[in-house]
Amino acid sequence: MRSGGIRQAKAQRIVVIGAGIGGLTAAALLAHRGYSVLVLDQAIVPGGCASTFKRKGFTFDVGATQVAGLEPGGIHHRIFSELGIEPPAATPCDPACAVYLPHETAPIQVWRDPQQWQAERQRQFPGSEPFWQLLADLFRYSWAFQSRDPVLPPRDLWDLAQLVQAVRPDTLLTLPHTFTTVGQMLRAYGLTDRRLKTFLDLQLKLYSQVDADETALLYAATALGVSQEPQGLYHLQGSMQALSDCLVQALERDGGKLLMRHTVQRILTENNRVTAIEICNQKTGDVWVEPADHVIANVTVQNLVQLLGDAVPTGYRRRVDKLPTASGAFVIYLGVKQDAIPANCPPHLQFLYDYDGPIGENNSLFVSVSHPGDGRAPEGYATVIASSFTHPTIWWNGEAASDSYQSLKQHYTDTAIQRLGQFFHLTPDTIVHVEAATPRTFAHYTGRDQGIVGGIGQRISTFGPFGFANRTPINHLWLVGDSTHPGEGTAGVSYSALTVVRQIEAES
Ligand SMILES: Cc1cc2nc3c(=O)[nH]c(=O)nc-3n(C[C@H](O)[C@H](O)[C@H](O)COP(=O)(O)OP(=O)(O)OC[C@H]3O[C@@H](n4cnc5c(N)ncnc54)[C@H](O)[C@@H]3O)c2cc1C
């Protein structure tokens, strides 16, 4: 803690596994609060799914391209304020997204201004306003509740006290909707419009991994509500790497240490308490055991179970084993001439190509486009990044058969370029660089089990009160990141990190 402006060193040694936004945020806050912090990451650059890579003068955001929580009072803003550093420069996305339904030439535009968005949705989905008003009310109550830093799900009395202090009378108004999905609420309002349902399926799949029929209504209210002022989505100047750069800068300024290309192989425990981790330096091959008072695992819950090996309690392992298979992502990164981009192109677009089949199984694309001067492309050029959901197992079946993997990857690449060509002016002349990532790529670069992305899905059975806690069953072992409340996204994992920091402080 700061005392008279001088940080008092705390004897406790914290080791963080993973320099994703969740791990870095926890590490930077703990270093700032006086702990001795060591962060290890198996990758070459920090940031995990929110990092970048460079090719031929282009800078590509690996996964995350838009950021919530940068407005005053938003979670990133709060954390940068505590750390005493300037948040990265960013511009608001307006519209947050332009959504194209099959065979339609004009998009549904998710405007940043609440009135403009209300007018748009009333025009696009006549008769649905009572449903949207309910979402707006639930968003208001849930947002205020989350801003009071509840611990969800609570695992001990301290957690419970944090949860209870965050509750206000209006929080109770959300309770009757705890077990409701978006699909059920649409039916309750008698809304059967296929366009509305499809729009919601598309947007929710981005934020919750599952469609409207499965997404918990309370989660959906928050996910859909953050696009409007006074919140909003932002496009970072430079690249997404700016976020991790700021956190690393704060961490190192406050005496924390970050070691890249260091893989944590095992978490060691004794009498149900974490004692150390086993680390391998990828460059030298050296393996050693690093003792720790607390270990923060910024990994998926599936990876956590693997790192614990036999030390994982049976019930926990069983729960993880029973999770529905999470999604993977296929991402195509294009460096193009600016001529390929239509005039006034919004920064984020979403396309659905046909109404058949479940949303997301390679029939939709979420597209992020750089704009001149945003630092991602040389003058006269732009980046186009398009992602679709994909079942991870199809990329691992017949793991040894690299031919079939390469041909599947080529097929997805060709399909994506052909589809993007319906909107962008893509020709051999305008495309300067093409590269693609599959679940195998994500597994390699982010260490995520099977290359799954985006957390455990926000179904009723796994969201908020029913999800995986930051406090694991092993004492002093903490889980941070998009497997925990409030879910995926750089803003979500920052809340997760803040919770763990508070929990560790409460135990120290
Ligand atoms: C295609 C795609 C698009 C997305 N779009 C957005 C978006 O626009 N906006 C948004 O907010 N979010 C988006 N997301 C989600 C967001 O990127 C993630 O939810 C978030 O970045 C996850 O952060 P994290 O800290 O939980 O973990 P990760 O980013 O997964 O970081 C974990 C880190 O741990 C390291 N690691 C793992 N295992 C080990 C080990 N054993 N030893 C050492 N290091 C290890 C990895 O190398 C990695 O750096 C997107 C994700 C994807 C994949």
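**Exercises on the ligand site and a surface patch**

In this predicted model, an oxygen atom of the ligand is 2.8 Å from a polar backbone atom of Cys49.

**Exercise 1.** State how far an oxygen atom of the ligand lies from a polar backbone atom of Thr65 and from a backbone N or O atom of Ile21, and decide whether these pairs are polar contacts.

*Solution.* For Thr65, the distance to an oxygen atom of the ligand is 3.0 Å. For Ile21, the distance from a backbone N or O atom is 3.3 Å. The cut-off for a pair of N or O atoms is 3.5 Å, so both pairs are polar contacts. As for cover, the ligand on its own has 1,000 Å² of accessible area, and the protein covers 92% of this.

**Exercise 2.** Describe the shell around the ligand by its number of residues, its classes and its secondary-structure elements.

*Solution.* The ligand is surrounded by 34 residues, of which Asp41, Gln42, Cys49, Gln66 and Arg448 are the closest. Sorted by class, the shell comprises 16 polar, 14 nonpolar and four charged residues. At least two shell residues come from each of α1 (21-32), β4, β13 (262-270), α15 (439-446) and α16 (490-507).

**Exercise 3.** Locate Val45, classify its accessibility and name the surface patch to which Val45 contributes.

*Solution.* Val45 sits in the loop that links β4 (36-41) and β5 (52-55). Its relative accessibility is 36%. Buried means under 20% and exposed over 50%, so Val45 counts as partly exposed. Together with Ile44 and Tyr445, Val45 forms a nonpolar surface patch of about 310 Å².

Methods. Residues are numbered from 1 along each chain as its sequence is written. This is a predicted model: local features need pLDDT of at least 70, side-chain atom pairs count only at pLDDT 80 or more; totals for chains, interfaces and linings use all residues. Side-chain values use heavy atoms; hydrogens and water are left out. Patches are made of residues with over 30% relative accessible area and no salt bridge: like charges are joined within 9 Å, nonpolar side chains (Val, Leu, Ile, Met, Phe, Trp, Tyr) within 5 Å. Accessible areas come from the Shrake-Rupley method with a 1.4 Å probe; for residues, only the protein chains shown count as cover. A salt bridge is a side-chain nitrogen of Lys or Arg within 4 Å of a carboxyl oxygen of Asp or Glu. Helices (H or I, at least four residues) and strands (E, at least two) are DSSP runs, numbered from the N terminus. Buried means under 20% relative accessible area, exposed over 50%, partly exposed in between (1.4 Å probe, protein chains only). A residue is near a molecule or strand if one of its heavy atoms lies within 4 Å of it. A polar contact is a pair of N or O atoms within 3.5 Å; within protein, one must be able to donate a hydrogen and the other to accept it, and residues adjacent in sequence count only if both atoms are side-chain atoms. Ala, Val, Leu, Ile, Met, Phe, Trp, Tyr, Cys and Pro count as nonpolar, Asp, Glu, Lys and Arg as charged, and the others, Gly among them, as polar.
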